[in-house]
Every structure is written in structure tokens, then in C-alpha cells.
Amino acid sequence: MLNFRLKIRIVWIIALLAVVFWLAWQYVVPGGRVVYVKNFKQYNDFIGNLTPTDRLSGSRVIGNPVYFSLRVPRRFESAKLTVEFKNPDRLPIVEAGVLKDKRVWQYDLKPLGNLAINDLLKDWSVLWEDDVMLLQREKKYASLKDFLEDKPPAPEVAAYNYDYQTDFIFPAYQPAKEQRTICRPLLGAYQFYTYVKDEDLFFDFSFQDLNKNNDSDPIDVLVYYRDQEIAEEHLDDDGSDNRSLKLFLASMPEGVYKVSVRANGDIVTRAITTKQRKLSFINRLDLASAPEVSCGRNFVTDSRRVQAVTTLAASLGQVKIHQLSGSAFSEILDISKTYKQFETKQDLPLLSEVIVPSDGITFSGDGLFSFSEEEFFNPQTRKVDRNFNPEGVNYVLARYAPPVDKDGALTAAADFDLTNVYKEKGKHSFMISIPGLKADDDVDDGVEISEIKIELKGTSLFDKIRKIMGYK
Amino acid sequence: MINYKLNILIEEVFYCLSVSLALFVVLELIFPRLVLSYINLSCLLLSWLVFAIILVVFTNKNKG
């Protein structure tokens, strides 16, 4: 009998140790590679549910964007996200991204589906080099290198998920002789393009810290030239309500510069003093509410569609949009509710003037924004976005792999670098973006997601030990 | 004889569930989500409770 009890005990002790060993194996991931799959039929502890729920109908995404979390047991270097979805309503763009910077709410977006490019692939000539495709209306170039060396006229080229450098030059540009001050208050983070020729790059930012929350509110200003960061200035939160930062770069080469101001929603830029004549804000203008300021109520944009949202009842009203040199209004946006996004219904003219009832409204669009026509310029390559029209375009450059179509079910993958992305309590935040999809419109459209698979890769236990031994 | 072996089996399963429960709770406290990601501790607790009841009833029956 003792033998029988002993045998049973040995069996369950070994089984329990095996379970503990297996749990430790899953936690440490010694091979450096692990795959998590969520198929919405059963609970998954690693891939969180899609949120917010008011943008979902079951697993069907009916509003943009939606988010999900990925809990990781330890540090990984890369993630391959594979999404299985159906797009019966032919929504033009489906993208996924990982949260890189929580302060400026910046996601690293990658394509999952682009209908415009999928349609062009049927008729245009395609050239593949690594993960880059060159689509040509009529085949002229035999290689990507030939295309990049020849550089066809900028209006004939569109790009998607590809940084196409065009060396934008203003032939008749003359630097300004005097400084000027832009006093339209801007809330939080923003980016803008500026142009430099035979002059220094100079900006004097005046910030106001609203101190609505108790967090620290640092400010960073970065300058990019040809997509490379060339300068950075940092301003700590010293507790004061007003701070200023001067950005000065002497004798810069001629060309387009991008300035990125990274700040949270507690910071208002009260004024920007500069000598630069050209200033175009990228995709977004978050006009802070400052009733005591009277610096104009208009701006210009080349966006084909403009969205507006406000959180303030005092900012409700009609936004009037018209072609810059015309008098008749193209469209009137009636912002009648707070916390609701309103969008123009038709494509706007090439350059529109927008007249706002008051500040405290956030405007966004697929183009650039400036406070005057004189300041406005667009050095960007045309993008193959949801409003893309191939008329006049002969070449498309894209870093994009079309999804695999199996009886209407699409499978698309995107790779993400996890080394410098934001992580909170062991969780990464992901987003699925479907521009233009709204839950509160009268259109019953959406994207049905059936599966999310994430493959994580990192240093294996063996490599880690070798690394440690290497230092001894 | 069969009853005696069954009694031992039930006792050992109960001990196994007790040790598992204690071990998994401690592991979960030290390494959050290590156990809960894969094992439903509520089911384990319920199983432990069921075997505890069976053990008490079985022991009482044998004594009776």
C-alpha cells in the first residue's frame, strides 16, 4: 500500500513540476520567438479586446480608429502583425500601427490594405525591388534606381508609405527682411514645414502651461532636413505658466525643413515669432481656445476633405469654406455638437480658405494648413490616400504588400520595430485605422476582423547567455 | 482493497490540488499573469473544493 501511495505521489509531483516548468518556459520564451492569436471566439490573455466598443459591432469595426493591447511577458525586438479581415464595403485604406510616443499620441502606421493601389496593380506595370513597388502607367523605367536617378516631374508621382524625396525648390523665393509674429494659439503637439534660402532658420516659441493636470509638461522641438533630424531643443517644466524657446540654426542650406513641436495637451503655443516666410502645418491645426486673443479667424488649406471637432460649447458654430479666390462658399460645416467630428461632404478646391466662428476647434485633413496664402506651400509628394485620384499621376511608389485574397477574406501582415516603442505595465498599444469610417453616420459600413495574429521575436536565452559571457 | 486504493487516490488528488493551488497563487503573486494566462484558478479551486467534500464524505462513510 505504501508503494501504491508513493507511486501516485511521485506521479503528481512530476506532473506538477512539468506544469511549472512549462509555465516558466512560456514566461521566459527562451527560443526568442512566440506567437499569440486572437480569433474572437475564445478569450485570449495576451491580445486584448478591440476598443472602444461604440466603434464595434461584434468583431466588425464600424468606426475609426480602434485599439487593442498586446501584453508581452518580456522584452521583444520586433512584431509581425497578421490580420485576417473582410472589406465588403471597399473602404479605401486599412492600416495598423503601434504606439510609439504617448505624449504626442504618435502611432507608427503600416499598411494592411490600399484599394487604390490594388486597382492600379491590375492595369499598370509593376516593378518590385525588395519591399518597394514602382507602378508605372506606361513602362518607362527598368529599375527603381533608374526612376530615382531620373526623377520625373513631382506632380506625376504619388507615394504611399514611402518617403520620396523631391528636393523641393522655390525658384523665386526671397527671404523676409523683418520678423513677424503668428499669434494664433495652438494646443499641444504640431508639425510644420518651412523653407530656407540664404537665411538663418529662426523661431521663437512662446508657450503657456495650462497646468490642468499634475504631470510634468516638458516640450521638445525637433528640426528635420531631408528626413534626418538635425537639431533638437528641450524645455523642462519649471513650474511656471509661461515659457519660451528659441530655435536658431545659422546659414542653413536651401530647402524644406520640418519642425516638430512635441508637447502634451497642457501646453498652448501662444505665439511663434519668425523670419521664415513659409509655414505650412502638417495635416492638423489644433486651435486653442483663447478668447482674449484676436488674431484672425481664418486659415487656408489644400486638403480635399476637412474634419473639425470641438470639446467646447463656446466654439460651436458654422465653419465656412470657400475657394481662395472665389466668393461663393463651397461648403459650410455646422459644428452643432461637442465631441463629434464633422467632415466636409465633397472634395474641396485646390486651395480653400476656412473661416471659423471661434478658436477652440481642432481641424484635420489630408493636406497642409497655413494662416495665410502667402505663408502656404506644399513640398509633399502626392499621397495615395483615401481621396486619391490617379488623374495626372503616372508613377506610384509604395512600400506595400497587397493582402492575400481567399474568397473575399483578406490576410495582410505588417512588421513593427518594438525597440523604442511605448510600453506601459508590460503592454503595447496597437491601433487599426480605417480613415473615413464613422460609427455615427447613416452609412452601415465596416471591416470585419476575424483574426489577429502577432509573432514576436527577441533575443533568445542562448544569445543572452553568450552576450553575458562575452563581457566576462 | 479497491475501496482502500480509491481512498488513497482521492487523498492524493486532494493533496495534489492543494499544493497546486498554493503554488500557483504564490507564483501569480510574484510573476503576475504567469499562471492566469493559461490556467483558470477558479476551476482549480472548484475542483479542490469538490475533492475536499468527496474526501470528507468518503472518510465519514468508512468510519461509519
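The following dialogue examines cysteines and one sheet in a predicted model.

Mentor: Local features here need pLDDT of at least 70 and side-chain atom pairs count only at pLDDT 80 or more, while totals for chains, interfaces and linings use all residues. Residues are numbered from 1 along each chain as its sequence is written, chains are lettered from A and ligands numbered from 1 in the order in which they are written, and side-chain values use heavy atoms, without hydrogens and water.

Trainee: How do you know that B:Cys16 is in no disulfide?

Mentor: A disulfide is a pair of cysteine sulfur atoms within 2.5 Å. The nearest cysteine sulfur to B:Cys16, that of B:Cys43, is 15 Å away, so B:Cys16 does not meet the definition. Over all chains, the count is zero disulfides.

Trainee: Why is B:Cys16 called buried, and what is B:Cys43 called?

Mentor: Buried means under 20% relative accessible area, exposed over 50%, and partly exposed in between (1.4 Å probe, protein chains only). B:Cys16 has 18%, and is therefore buried; B:Cys43 has 44%, and is therefore partly exposed.

Trainee: What makes strand 8 and strand 28 of chain A edge strands?

Mentor: Strands are DSSP runs (E, at least two residues), numbered from the N terminus, and two of them pair if DSSP finds at least two bridges between them. The open sheet has the order 8-9-29-10-28 in chain A, with mixed pairing. Strand 8 (125-129) and strand 28 (382-383) of chain A each have a single partner strand, so one side of each lacks a neighbour in the sheet.

Trainee: How do you know that strand 10 and strand 28 of chain A pair?

Mentor: Two bridges join strand 10 (residues 157-160) and strand 28 of chain A, in the parallel sense, which means that the requirement of at least two is met. A:Ala159 has A:Lys383 as its bridge partner in strand 28 of chain A.

Note on methods:
Helices (H or I, at least four residues) and strands (E, at least two) are DSSP runs, numbered from the N terminus.
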